[in-house]
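This briefing concerns aromatic rings and the groups placed around them. Please consult the sequence and the structure while reading the points below.

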Amino acid sequence: MCQVEFEMACAAVKQLKGPVSDQEKLLVYSFYKQATQGDCNIPAPPATDVKAKAKWEAWNENKGMSKMDAMRIYVAKVEELKKNDTG
């Protein structure tokens with residue numbers, strides 16, 4: 001796993017045409033944040049901000065995961081989404 005593969009996956013995810021579920025978007029987002037910033041280091045948003053709260057919770061679930069592991073999982077998830085891309 002190297003930075004180049006991760007960056008290529010980051011670009012590829014933006015090219016997906018088919019529908020991607022909200023759950024899949026949250027997963028990809030959470031591994032991206034963990035890979036680029038490490039453990040969630042911001043306070044939880046208020047429960048009234050449903051979207052921000054869901055994103056925070058998804059990222060926070062990866063607490064303790066190494067940046068390299070998060071990159072690896074991110075790349076694998078993007079590859080899976082590309083295979084299922086029907087757009």
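In this predicted model, the charged end of Lys33 sits over the ring of Trp59, at 4.8 Å from the ring centre. A second lysine, Lys55, lies over the face of Tyr29, where the distance to the ring centre is 4.8 Å. Aromatic rings also pair with one another, and the count comes to three aromatic pairs.

**The pair Phe6 and Tyr32**
- Phe6 and Tyr32 form a stacked aromatic pair, with 6.0 Å from centre to centre and 15° between the planes.
- Phe6 belongs to helix α1 (residues 3-15) and Tyr32 to helix α2 (residues 22-37), so this pair ties together parts that are 26 residues apart in sequence.
- Phe6 counts as buried because its relative accessibility is 3%, and the cut-off for buried is under 20%.
- Tyr32, with a relative accessible area of 35%, is partly exposed.

**The pair Phe6 and Tyr74**
- The ring centres of Phe6 and Tyr74 are 5.1 Å apart and their planes meet at 55°, so this pair is tilted; stacked planes would have to be under 30 degrees apart, and edge-to-face planes over 60.
- Phe6 in helix α1 and Tyr74 in helix α4 (residues 67-83) are 68 residues apart, and their pair links distant parts of the chain.
- Both Phe6 and Tyr74 are buried.

**The cluster**
- Phe6, Tyr32 and Tyr74 together form one aromatic cluster.
- Within this cluster, Phe6 pairs with Tyr32 and also with Tyr74.

Conventions: Residues numbered from 1 in each chain as written. Predicted model: local features only at pLDDT ≥ 70, side-chain atom pairs only at ≥ 80, totals over all residues. Heavy atoms only, no water. Phe/Tyr/Trp six-rings, centres within 6.5 Å; stacked < 30°, edge-to-face > 60°. Helix = DSSP H or I, 4+ residues; strand = E, 2+ residues; numbered from the N terminus. Buried < 20%, exposed > 50% of the residue type's maximum accessible area, 1.4 Å probe, protein only. Lys NZ or Arg CZ within 6 Å of the ring centre and 35° of its normal.
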